[in-house]
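Student: I should be grateful for a close look at a single buried position in this model, followed by an account of its surroundings, from the chain that holds it to the other chains.

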Amino acid sequence: MDINFESERPIFLQIAECLEDAVLSGAYPEGSQIPSITEISVGFKINPATALKGINLLVDSGIVYKKRGIGMFVSAGAARKLIQKRRAQFYESYVSGLVKEARRLGLSETEINSMIRKGFGE
Amino acid sequence: MTLKAAYKYQLSDMKRPVIIFYCVIFTILIFLTGAVTASASSGASTMSYLDFSSAIFLFVAGLCSFKEPFLMLLQNGVSRKTVFRSKVLTTLSVVSVMALIDKMILLLGKAAAGVYGNFKYFSLYEQAYADPLLREAAFLLHMKMFLFDFLMCFTSVWLGIFITVLFYRLNRVGKIAVGAGVPVALTFVFPLIDSLLFHSKISSSIIRFLDFAFGIASRSPLSAMISFAVLSAILGALSWLLMRRAVVRQ
Amino acid sequence: MNGIEVRNLSKSYDGVKALNGVSLRFEGNKIYGLLGRNGAGKTTLLNIVTGRIFADRGEALVDGMPIPENDPALRKIYLAGEKTLFPEGMKVQDTFKWSGEFYPAFDPEYAGNLAEQFRLDTKKRVKSLSTGYDSIFKLIIAMSANTPYILLDEPVLGLDANNRDLFYRLLIEKYSERPCTVVISTHLIEEVSSVIEEIVILKEGAVIKNEPRETLLSKGYAVSGTARQIDAYIAGKNVIGTESLGGLKTAYILGGGDRDAAGEGIEVSKLDLQKLFIHLTNS
């Protein structure tokens with residue numbers, strides 16, 4: 001897991017996404033404890049305030065919850081919530097840009113569709 | 001609290017030189033005593049002015065005791081006021097201890113002189129002030145000698161400190177001006193001007209003043225002790241004035 | 001806790017103004033980056049704040065207490081400066097020991113632990129340390145002293161990449177577990193960028209930027225395009241620098257929104273902290 005410091009996306013967002021990816025991939029199963037703010041900030045070499053901001057995003061969206069004095073844990077149903085969220089964002093995240101670039105290059109809808117079919121075939 | 005730590009540090013800094021000094025002294029004493037007692041000759045041998053050697057040692061120690069400790073204390077968040085105060089405490093402690101040890105060596109020396117006829121042991125005090133006619137009570141005499149030794153050494157160490165702080169504050173030009181200028185002025189310029197223009201009257205009045213201040217002709221140790229006390233106070237005050245604006249050089 | 005504050009601080013050396021009426025505050029358990037070109041006044045500022053040199057004008061305070069000649073105030077700050085003030089002949093383990101005497105909260109176990117991690121031989125004398133290890137032993141003490149304010153002047157001078165990496169991680173860990181106010185003065189801007197929260201930029205003895213990192217970075221962006229496009233776009237904007245490569249012109253801008261209104265053909269990109277710094281401090 002690495003942060004791209006060059007990217008336009010703020011670091012705390014990238015942190016949140018990294019952790020979300022880990023939940024989705026099963027690296028952090030539901031109910032398990034995730035690393036502390038200290039461990040996260042040390043691991044990514046970022047200011048703890050930034051790490052905290054990223055974690056709070058996950059807390060606000062119900063992916064993760066805090067148990068006082070113990071740590072932070074992955075909520076039940078977190079994976080499902082994430083999948084739903086990313087499905088809803090799929091169009092904006094991937095399709096919109098794809099179409100824009102396709103238009104720029106003069107690719108038709110049919111050409112795009114056959115490329116997609118090819119992708120699913122592999 | 002900071003004062004305590006600063007005092008502790010400077011004291012430990014002084015420890016090693018003092019120990020080395022006394023090792024040297026003891027070695028000399030033992031060697032001398034051994035040589036004397038072993039020799040069959042009747043020639044007298046004198047060991048003298050130990051208190052003066054302590055004063056010289058302390059002068060040199062004073063010369064070396066500013067820069068390193070000052071920087072070390074600044075690194076550790078000590079104010080200059082506390083640096084000065086702890087230095088006063090340190091010098092008081094070290095000088096008292098050394099004066100005490102010198103006293104004990106003196107007593108040992110006297111005892112040895114009593115045993116071995118051809119061995120004599122004198123201190124500066126005795127050479128300068130002991131009035132053979134005045135049989136003072138032993139205790140009072142020893143107290144006076146201790147006090148004299150203490151004040152002389154205390155003045156000596158502060159003379160060293162004053163000079164080293166002065167040089168720390170001076171820039172390069174100043175260092176040369178003072179370092180070369182003062183000795184030249186004292187040994188050449190002053191005597192020359194004095195003898196040519198004043199018929200050496202200034203020199204003789206200075207000598208008379210020193211005689212008075214240190215009670216040499218009058219054999220009065222009290223004058224000397226007062227002079228030492230005043231001198232060390234002045235040197236201390238000047239050192240403080242110089243120290244309070246001392247900075248870390250870039 | 002109201003921080004280290006300097007008001008209208010001025011200092012000159014040989015007629016050159018190293019600091020010119022600087023007013024600042026370091027507070028609130030944050031990590032500050034003190035940035036500036038060589039000679040901008042960073043070291044002078046840190047030295048005045050710790051009583052090592054005297055300001056010509058102005059005042060410096062810690063938690064409301066004036067700094068010069070004030071032991072309780074000085075006790076709250078630890079400066080690992082560029083110049084090593086420890087006696088040359090002292091062994092590293094003794095520098096730790098004495099630091100413990102002067103700073104009651106000093107953690108000797110932690111210091112020993114750090115020395116091991118950096119592979120520092122604590123029996124070595126200060127004078128025999130290389131530049132890198134000289135920096136290392138000083139930063140170990142700074143991190144172990146547990147003062148509420150820690151000032152680090154070029155802490156990674158001479159450190160290899162591995163040790164620099166270790167240092168940043170240790171700093172973050174320590175700061176996370178025991179919040180304090182840290183000020184890092186460094187030339188390695190990109191390395192330190194993600195660690196710091198607040199940025200102070202000094203230029204020729206004056207403060208030109210003093211704001212949170214996020215805020216400053218969000219204001220900076222670069223636009224690239226043909227010279228005509230760019231010139232049209234940048235009219236009325238706060239341009240801090242431009243570059244031309246043949247027909248391609250790039251302008252660096254510090255400003256609010258409307259970067260989306262750049263229009264077709266103009267490429268907008270983010271400005272990283274180092275680029276931002278370079279253009280802000282180029283005369």
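Tutor: Lys87(B) counts as buried because 27 other C-beta atoms lie within 10 Å; the term buried requires 20 or more other C-beta atoms within 10 Å of the residue's own, with C-beta atoms placed from the backbone, whereas 12 or fewer would make a residue exposed and anything in between partly exposed. The model is predicted, so local features need pLDDT of at least 70 and side-chain atom pairs count only at pLDDT 80 or more, while totals for chains, interfaces and linings use all residues. Residues are numbered from 1 along each chain as its sequence is written, and chains are lettered from A and ligands numbered from 1 in the order in which they are written.

Lys87(B) sits in helix H4 (residues 80–115) of chain B. Ser65(B) is 22 residues away from Lys87(B) in sequence, and their C-alpha atoms are 9.0 Å apart in space.

The chain around this lysine contains nine helices and two strands; these are DSSP runs numbered from the N terminus, with helices (H or I) of at least four residues and strands (E) of at least two. Along the sequence of chain B, the elements follow the order α-β-α-α-α-β-α-α-α-α-α. Of the 250 residues in chain B, 27% are buried. Among the contacts in chain B with a separation of 6 or more, 82% join residues 24 or more positions apart, a contact being a pair of residues whose C-beta atoms, placed from the backbone, lie within 7 Å.

Beyond chain B, two pairs of chains are in contact, and chains B and C share the most contacts. Chain A and chain B are joined by no contact, and their closest C-alpha atoms lie 28 Å apart.

Chain C also meets chain A, through 14 residues of chain C and 13 residues of chain A. On the chain C side, helix H6 (residues 161–177) gives the most, with seven residues. That side of chain C comprises six nonpolar, two polar and six charged residues, where Ala, Val, Leu, Ile, Met, Phe, Trp, Tyr, Cys and Pro count as nonpolar, Asp, Glu, Lys and Arg as charged, and the others, Gly among them, as polar.

Chain A itself is divided into domain 1 (11–78) and domain 2 (79–121), with bounds from an automatic or database domain assignment. The contact between these domains takes eight residues from domain 1 of chain A and four residues from domain 2 of chain A.
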